[in-house]
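Trainee: Got a minute to walk me through this one? I'd like to start with the basics.

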Amino acid sequence: MPNDSLVRSADATLAATALDGLSRCPKTLPPKLFYDEEGCRLFYRITTLPEYYLTRTELALLRRIAPEIAAGLEPPAVLVEYGASDETKAELLLDQTDKLGRLRFAAYVPIDIATEALERIQARMQRHRPELAVCPVGADFTTPVALPRPVDRMSRLGFFPGSTIGNLDPPAARQFLARTRITLRHGARMLVGVDLRKDPAILVPAYDDAAGVTASFNLNLLARLNRDVGADFDLNGFAHRAIWNDAESRIEMHLESRRAQSVQIDGQIVRFVRGETIHTENSYKYSIAGFAELAAAAAWRVCGVWTDPARLFSIHLLAPD
């Protein structure tokens, strides 16, 4: 039976986070609020859409480079995945064996704020990989994270796929990379998926698909606040918007108010004028040289870069500088 005091505490934190963002000008909601159970389900659907090139391109790259990446690690090794909503990409690395057929990874540490997703990952992995130590960590990976003690003596490969690094503004991305370097310790490696700058005609549809799945994903933020903290957003009163901001080199996602309206959240009123938006997510796009500069500012050096033939996406292997 759930602990009622913990549930109330979580709801209060969610309400406070929402009110903090919605009291700003312009209004914002943090993207970490996307990933409740329904948000995770919708995001998985997004990754299968024809417009969303990122996942299929990164998977093809990982299949090609995984043997080379794993071969550079001293056994036993642990794979530490930041923002792990499922294990699909991690398994391409966890499958790797040495010349004697022994698995190179002895442990897997998925880290994510969505604890329900972590529980499902652990259950699946226990069924299909009983020899692997799976140690989920339910945490906001943008904050300091302590790794489980059983992996203390293992060599470490950090893994941050999906271009999630692009959801952090550059100062926050630099801080995140600096923190992972400390967590993973000297001698570790970090594998990062990075989406590249390209024609907005390719970029924008990836965040505003014809089937409207990304719109549902964005609007689910408001549905979550209605459900979890008793807000009264009218979802029909907001529209999904995806915008390319060339000066900042980022896709922006917004929820635009279709009319003047007021919303109640935790006993407080938030007012919107017609056309006002809630800025819900950024997705920064880098050049290869630009990401190397960001990594260097966090005391990482790039020791390998791979891209697809169309140069849509890149994977960077980092080592401590």
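Mentor: Start with a term: two strands pair if DSSP finds at least two bridges between them. Keep in mind that this is a predicted model.

Trainee: OK. How many bridges join E8 to strand E9?

Mentor: There are 8 bridges, and the two strands run antiparallel. Strand E9 covers residues 250-257. One bridge partner to look at is Met253 in E9, which sits across from Ala242.

Trainee: What packs on that sheet?

Mentor: Helix H8, residues 213-229. It touches E8, E9 and strand E12 (277-284). The direction of H8 makes about 60° with that of E9.

Trainee: And the strand order in the whole sheet?

Mentor: E1-E12-E9-E8, 4 strands in an open sheet with mixed pairing. Strand E1 (27-28) and strand E8 (238-245) stand at the edges. Each has a single partner strand, so one side of each lacks a neighbour in the sheet.

Trainee: How do strands pair in general, chemically?

Mentor: Through backbone hydrogen bonds, either parallel or antiparallel.

Trainee: Where's a parallel pair here?

Mentor: Look at E2 and E3, which pair in the parallel sense over 6 bridges. Val78 stands opposite Ala107 in E3.

Trainee: Is E3 buried or exposed?

Mentor: Strand E3 is residues 105-112, and 7 of its 8 residues are buried. So the strand is largely enclosed by the rest of the structure.

Trainee: Switching to helices. What should H6 span, going by its residues?

Mentor: Helix H6 is residues 170-184, so 15 residues at 1.5 Å a residue should span 21 Å. Its end C-alpha atoms are 21 Å apart, which agrees.

Trainee: Which residues of H6 are buried?

Mentor: Ala173, Phe176, Leu177, Arg179, Thr180, Thr183 and Leu184. Seen down the axis of H6, they fall within an arc of 165°, so they line one face of the helix.

Trainee: What do they pack against?

Mentor: Several elements, among them strand E2 (77-82), strand E6 (155-160), strand E7 (189-195) and helix H9 (288-297). Strands E13 (300-307) and E14 (313-320) are also included.

Trainee: Tell me about Leu184. What is it in contact with?

Mentor: Leaving aside neighbours within four places in sequence, Leu184 is in contact with Val80, Tyr82, Arg156, Gly158, Arg189, Met190 and Trp300. Leu184 has 2% relative accessibility, so it counts as buried, the cut-off being under 20%.

Trainee: What happens just after H6?

Mentor: Arg185 takes a positive phi of about 80°.

Trainee: Now the cores. Which residues touch the most other members in the largest one?

Mentor: Tyr108, Leu191 and Phe233, out of 67 residues in that nonpolar core. Helix H3 (residues 53-71) gives the most to this core, with 9 residues. There is also a second, separate core of 33 residues, including Val78, Val151, Ala295 and Leu318.

Trainee: What is Phe233 in contact with?

Mentor: Beyond neighbours within four places in sequence, its contacts include Leu22, Leu222, Phe238, Val263 and Ile278.

Trainee: And Leu318, where is that?

Mentor: Leu318 is in strand E14. Leu318 is buried, with a relative accessible area of 0%. Setting aside neighbours within four places in sequence, its contacts include Leu177, Met190, Phe291, Ala295 and Cys303.

Trainee: How many ångströms between Leu318 and Asp228?

Mentor: Their C-alpha atoms are separated by 39 Å, and the two residues are 90 residues apart along the chain.

Conventions:
Residues are numbered from 1 along each chain as its sequence is written. This is a predicted model: local features need pLDDT of at least 70, side-chain atom pairs count only at pLDDT 80 or more; totals for chains, interfaces and linings use all residues. Side-chain values use heavy atoms; hydrogens and water are left out. Contact means heavy atoms within 4.5 Å. Axes are lines fitted to C-alpha atoms, for helices over the stretch in contact, and angles run from 0 to 180 degrees between N-to-C directions. The expected span of a helix is 1.5 Å times one less than its number of residues. Buried means under 20% relative accessible area, exposed over 50%, partly exposed in between (1.4 Å probe, protein chains only). The arc is that of the directions from the helix axis to the C-beta atoms. A nonpolar core is a set of buried Ala, Val, Leu, Ile, Met, Phe, Trp, Tyr and Cys residues joined through side-chain atoms within 4.5 Å.
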